[in-house]
Amino acid sequence: MQTDPTSKVVQKQQQLSAIVIANPTSGTYVHFANQLKEIVSEFQRQGWQAELCLTQQAGDAKKFAKEAVQKQITMVVAAGGDGTINEVIQELAGSETSLGVIPLGTVNVWAREMKIPLDDPTRASQILMRNYTRRVDLGQVNERYFLLMAGIGLDGKVTNAVEKRPAKKFGIVGYLFVALWMGLGFKGFPATLDIDGTEIKSRALQIVIGNTQLYGGAVKFTWRARADDGKLDICVVRARGLLGRLRVIMSFLLRRKDRIQWVTYHTGERLEIQTKTPIAIQIDGDPVDFTTPATFHVVPGSLRVVIPEEVAQELLSGAKA
């Protein structure tokens, strides 16, 4: 029996590989550093080429992800929060390199959405080593991708404010405090939405453009969203008085069926938003350096993700990647 002389080359090309990106200055890394190193070792014991890459400055996670795509690495693991994930996907979009996640952030919306174990890197890594992948959509605005959602209005203003205040160090508690303080005086804004050619006018308190369902880890503004359906879900929370706002908040927190009465809900592939004055925007929970007017569109199947197989059957609709 003759041996194919190219078999070793093929085997080498198909060898699984991963890099784990983490921030060594974060409090969570200090707590889980030994576990992360052990996870990399376990990858190696299972036959993967694996490496731990520690960031030193802003932009390093994006740089590591770009190099991984160029080297055709199988998986980039973001060991951090949703901000780290957003930085990484800017380079993974459109590539064959998968996104894996070990949730070490404050809220970890993507991990909660996909039911990846929180605060237990070892359990999360077991999902990664199974390497079950699916393709999901990304949203895009002004050349910036988002995996979860974008927010325009009150949350954009709050996110930008928290970034510049000491409240940021208190995590989600600080965010909620600033949101309550600012929300009392936020009057809403008139907006014109063009969704796939259909124009809609509204006075909004908040507009959420969702690729997934969860918002802030607890609320579901875009509760019908599927991350692989080729569409963005758009929830316009109409401006109301103080009492009305409290009723809206309670409806969404309790996920009542009557919440639809407080909003207008749409789906589409492309959204243009015009406002009379510039309105702040947040993407995947982080502020950005641009405001409205803005154009959003979906980029179907542009990101390969590693997630639990049973969750994919529940939350996604398409075929395996």
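**Entry 1. Asn-142**

I began at Asn-142, which sits in the loop between strand E5 (133–141) and strand E6 (144–146). This is a predicted model, and I read each entry below with that in mind. The phi of Asn-142 is near 50°, a positive value in a residue other than glycine. I recorded the backbone here because most residues other than glycine have a negative phi. Asn-142 has a relative accessible area of 42% and is therefore partly exposed, as the value lies between 20% and 50%.

**Entry 2. Confidence of the model**

I next looked up the confidence. The mean pLDDT of the protein is 85, and 78% of its residues reach 70 or more. Over residues 1–13, pLDDT stays under 50, and the model has zero contacts for this stretch beyond four places in sequence. Where pLDDT is low, the predicted coordinates should not be read in detail. I therefore made no further entry on residues 1–13, where pLDDT stays under 50.

**Entry 3. Other backbone exceptions**

I then looked up Asp-119, in the loop between helix H5 (109–113) and helix H6 (121–130). Its phi is near 55°, again positive in a residue other than glycine. Asp-119 counts as exposed because its relative accessibility of 56% is over 50%.

Gly-94, just after H4, takes a positive phi of about 80°.

Which bond joins Thr-292 and Pro-293? I found a cis peptide bond, with omega about 5°. I noted this bond because most peptide bonds are trans. Pro-293 lies in the loop between strand E14 (286–291) and strand E15 (294–306).

**Entry 4. Ala-65 in helix H3**

Is Ala-65 buried or exposed? Ala-65 belongs to helix H3 (residues 60–70). I found a relative accessible area of 0%, so Ala-65 is buried. Not counting residues up to four places away in sequence, Ala-65 touches Ile-21, Val-76, Val-88, Glu-91 and Leu-92. I also checked Val-77, which is 12 residues from Ala-65 along the chain; the C-alpha atoms of the two are separated by 9.2 Å.

**Entry 5. H3 against H4**

Val-88, Glu-91 and Leu-92, which Ala-65 touches, are among the H4 residues that meet H3, and I followed them to the packing of the two helices. H3 and helix H4 (residues 82–92) pack at an angle of about 30°, with their axes 8 Å apart. That makes H3 roughly parallel to H4, the angle being under 35 degrees. The crossing is right-handed.

From H3 I listed Asp-60, Ala-61, Lys-62, Ala-65, Lys-66 and Val-69, which meet Glu-87, Val-88, Gln-90, Glu-91 and Leu-92 in H4. The residues of this contact divide into five nonpolar, one polar and five charged.

I also looked up burial in H4: Asp-82, Ile-85, Asn-86, Val-88, Ile-89, Gln-90 and Leu-92 are buried. Val-88, Gln-90 and Leu-92 thus appear both among the buried residues and in the contact with H3. An α-helix has 3.6 residues a turn, so residues three or four places apart point the same way.

**Entry 6. Glu-96, after H4**

Where is Glu-96 found? I located Glu-96 in the loop between H4 and strand E4 (98–103). Its relative accessibility is 54%, over the 50% cut-off, so Glu-96 counts as exposed. Leaving out residues up to four places away in sequence, Glu-96 touches Thr-74, Arg-135 and Arg-304. Val-305 is 209 residues from Glu-96 along the chain, yet their C-alpha atoms are separated by 9.9 Å.

**Entry 7. H2 against H6**

I then turned to helix H2 (residues 27–45), whose axis comes within 10 Å of that of H6. The two axes cross at roughly 25°, and H2 and H6 are therefore roughly parallel to each other. H2 passes H6 in a right-handed crossing.

Which residues of H2 meet H6? I listed Phe-32, Gln-35, Leu-36, Ile-39, Glu-42 and Phe-43 in H2, against Pro-121, Thr-122, Ser-125, Leu-128 and Met-129 in H6. This contact divides into seven nonpolar, three polar and one charged residue.

**Entry 8. Thr-212**

My last entry concerns Thr-212, in the loop between strand E9 (198–210) and strand E10 (232–238). Thr-212 counts as buried because its relative accessibility is 2%, under the 20% cut-off. Its neighbours within four places in sequence aside, Thr-212 is in contact with Trp-110, Glu-113, Leu-147, Leu-148, Thr-222, Ala-225 and Ala-227.

Key
Residues numbered from 1 in each chain as written. Predicted model: local features only at pLDDT ≥ 70, side-chain atom pairs only at ≥ 80, totals over all residues. Heavy atoms only, no water. Helix = DSSP H or I, 4+ residues; strand = E, 2+ residues; numbered from the N terminus. Buried < 20%, exposed > 50% of the residue type's maximum accessible area, 1.4 Å probe, protein only. Contact = heavy atoms within 4.5 Å. pLDDT = per-residue confidence, 0-100. Axes fitted to C-alpha atoms, helices over the stretch in contact; angles between N-to-C directions. Parallel < 35°, antiparallel > 145°, perpendicular 65-115°, else oblique. Left-handed = near helix turned anticlockwise from the far one by under 90°. Nonpolar A, V, L, I, M, F, W, Y, C, P; charged D, E, K, R; others polar.
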